[in-house]
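Ready to find your way around a new structure? Work through the exercises below with the viewer open, and try each task before you read its solution.

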Amino acid sequence: MLNAKVAELLNTQVNKEFYSAYLYLDFANYYETKGLDGFANWYKIQAQEERDHAMLFYQYLQNNNAKVTLEAIDKPDKVFSCNMGPLKAGLEHEEYVTSLINNIYAAAYEVKDFRTMQFLDWFIKEQGEEETNANELITKMEMFGSDPKSLYMLNSELKARVYSAPSLVL
Ligand code: MG
């Protein structure tokens, strides 16, 4: 049996990860309207990864005989005035998600729930990678975003990203 607080936090995380997918689909939507199909591609794949994250939390709860409650997903409501906007918002969002994962880890640690801690280890590492990726995109945009040719090349680089399934299998 999972501790009630740990189970509740894990259930909330299902929703948070689906919201992340929704948010990144909205970022892709923004870039499509700007003609930056590579940036749009990058965020569409990011959205797929977020759905995978949601399903991992969902499956982990089911595997541990815990009740899953699917809540309403918030509407992404950010409005951007420049191409840097979603990148900065993306980093801020990933830092927030890191804090959520850390909170669940702390709750599991408190009740010596080593199984959940081990499950979350993958996400701790994943969040480190997400923040690195988000920071790198901002740095590249700072360097190349104002020159059309360089922006074209950066867009082409991001267009090459392909989806791969998560390395964590439950
Ligand atoms: Mg995620």
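**Exercise 1. A warm-up with Glu95**

Find the element that holds Glu95, then decide whether Glu95 is buried, partly exposed or exposed.

Solution. One thing to keep in mind from the start: this is a predicted model.
- Step 1: look along the chain, and you'll see that Glu95 belongs to helix α3.
- Step 2: check the accessibility. Glu95 has a relative accessible area of 40%. Buried would be under 20% and exposed over 50%, so Glu95 counts as partly exposed at 40%.
- Step 3: try a distance. Glu95 and Arg51 are separated by 44 residues in sequence, and their C-alpha atoms are 18 Å apart in space.

**Exercise 2. The metal site**

Work out which residues give the protein donors of the magnesium ion, and where Glu17 and His53 sit.

Solution.
- Step 1: pick out the donors. They are Glu17 (OE), Glu50 (OE) and His53 (ND1), at 2.1 to 2.2 Å from the magnesium ion.
- Step 2: write down their spacing along the chain. The donors follow E-x32-E-x2-H.
- Step 3: place two of them. Glu17 is in helix α1 and His53 is in helix α2, so this pair ties together parts of the chain that are 36 residues apart in sequence.
- Step 4: check the accessibility. Glu17 has 0% relative accessibility, so Glu17 counts as buried. His53 is buried too, with a relative accessible area of 2%.

**Exercise 3. Rings against rings**

Classify the aromatic pair of Phe27 and Tyr43, then do the same for Tyr60 and Phe119.

Solution.
- Step 1: start with the total. The model has 14 aromatic pairs.
- Step 2: take Phe27 and Tyr43. Their ring centres are 5.1 Å apart and their planes make an angle of 85 degrees. Planes over 60 degrees apart count as edge-to-face, and that is the label for Phe27 and Tyr43.
- Step 3: find the helices. Phe27 is in α1 (residues 4–33) and Tyr43 is in α2 (residues 37–63), so the pair links distant parts of the chain, 16 residues apart.
- Step 4: ask how hidden these rings are. Phe27 is buried at 0% relative accessibility, and Tyr43 is buried at 4%.
- Step 5: turn to Tyr60 and Phe119. Their centres are 4.1 Å apart and their planes are at 10 degrees, so this pair is stacked.
- Step 6: place this pair as well. Tyr60 is in helix α2 and Phe119 in helix α4 (residues 114–144), so the pair ties together parts that are 59 residues apart in sequence. Both Tyr60 and Phe119 are buried.
- Step 7: look for a group. Tyr24, Phe27, Tyr30, Tyr31, Phe39, Trp42, Tyr43 and Phe80 make up one aromatic cluster. Trp42 has a charge over its ring too: the charged end of Arg161 is 4.3 Å from the ring centre.

**Exercise 4. Empty space**

Find the volume of the largest cavity and of the largest pocket, then say which elements help line each of them.

Solution.
- Step 1: search for cavities. The whole structure has one cavity of 30 Å³ or more, and the volume of the largest cavity is about 70 Å³.
- Step 2: list some of its lining. Among the residues there are Tyr24, Trp42, Tyr43, Gln46 and Glu130. Helices α2, α3 (85–110) and α4 each give two or more residues to this lining.
- Step 3: sort the cavity lining by class. You get five nonpolar, two polar and two charged residues.
- Step 4: move to the largest pocket, which holds about 160 Å³ of space. Its lining includes Asn15, Lys16, Asp74, His93 and Leu100.
- Step 5: see who contributes. α1 and α3 each supply at least two residues of the pocket lining, and α3 gives the most, with five residues.
- Step 6: sort the pocket lining by class. Here you get five nonpolar, two polar and five charged residues.

**Exercise 5. Positive phi in the loops**

Find where Asn65 and Lys112 lie, and decide whether Asn65 is buried or exposed.

Solution.
- Step 1: Asn65 is in the loop between α2 and α3. Its phi is positive, about 55 degrees, although Asn65 is not a glycine. At 70% relative accessibility, Asn65 counts as exposed.
- Step 2: Lys112 is in the loop between α3 and α4. Lys112 is not a glycine, yet has a positive phi of about 55 degrees. With a relative accessible area of 60%, Lys112 is exposed.

Conventions:
Residues are numbered from 1 along each chain as its sequence is written. This is a predicted model: local features need pLDDT of at least 70, side-chain atom pairs count only at pLDDT 80 or more; totals for chains, interfaces and linings use all residues. Side-chain values use heavy atoms; hydrogens and water are left out. Rings of Phe, Tyr and Trp (its six-membered ring) pair if their centres lie within 6.5 Å; planes under 30 degrees apart count as stacked, over 60 as edge-to-face and the rest as tilted. Helices (H or I, at least four residues) and strands (E, at least two) are DSSP runs, numbered from the N terminus. Buried means under 20% relative accessible area, exposed over 50%, partly exposed in between (1.4 Å probe, protein chains only). A charge sits over a ring if NZ of Lys or CZ of Arg is within 6 Å of the ring centre and within 35 degrees of the ring normal. Donors are N, O and S atoms within 2.8 Å of the metal (3.2 Å for Na, K and Ca); water is not among the atoms, so sites may look incomplete. On a 1 Å grid over the protein atoms alone, a cavity is a set of points where a 1.4 Å probe fits but cannot get out, and a pocket is an open set with protein on both sides within 12 Å along at least five of seven lines; lining residues have an atom within 4 Å of a point. Grid points are joined across faces, edges and corners, and a volume is the space filled by probe spheres set on the points. Ala, Val, Leu, Ile, Met, Phe, Trp, Tyr, Cys and Pro count as nonpolar, Asp, Glu, Lys and Arg as charged, and the others, Gly among them, as polar.
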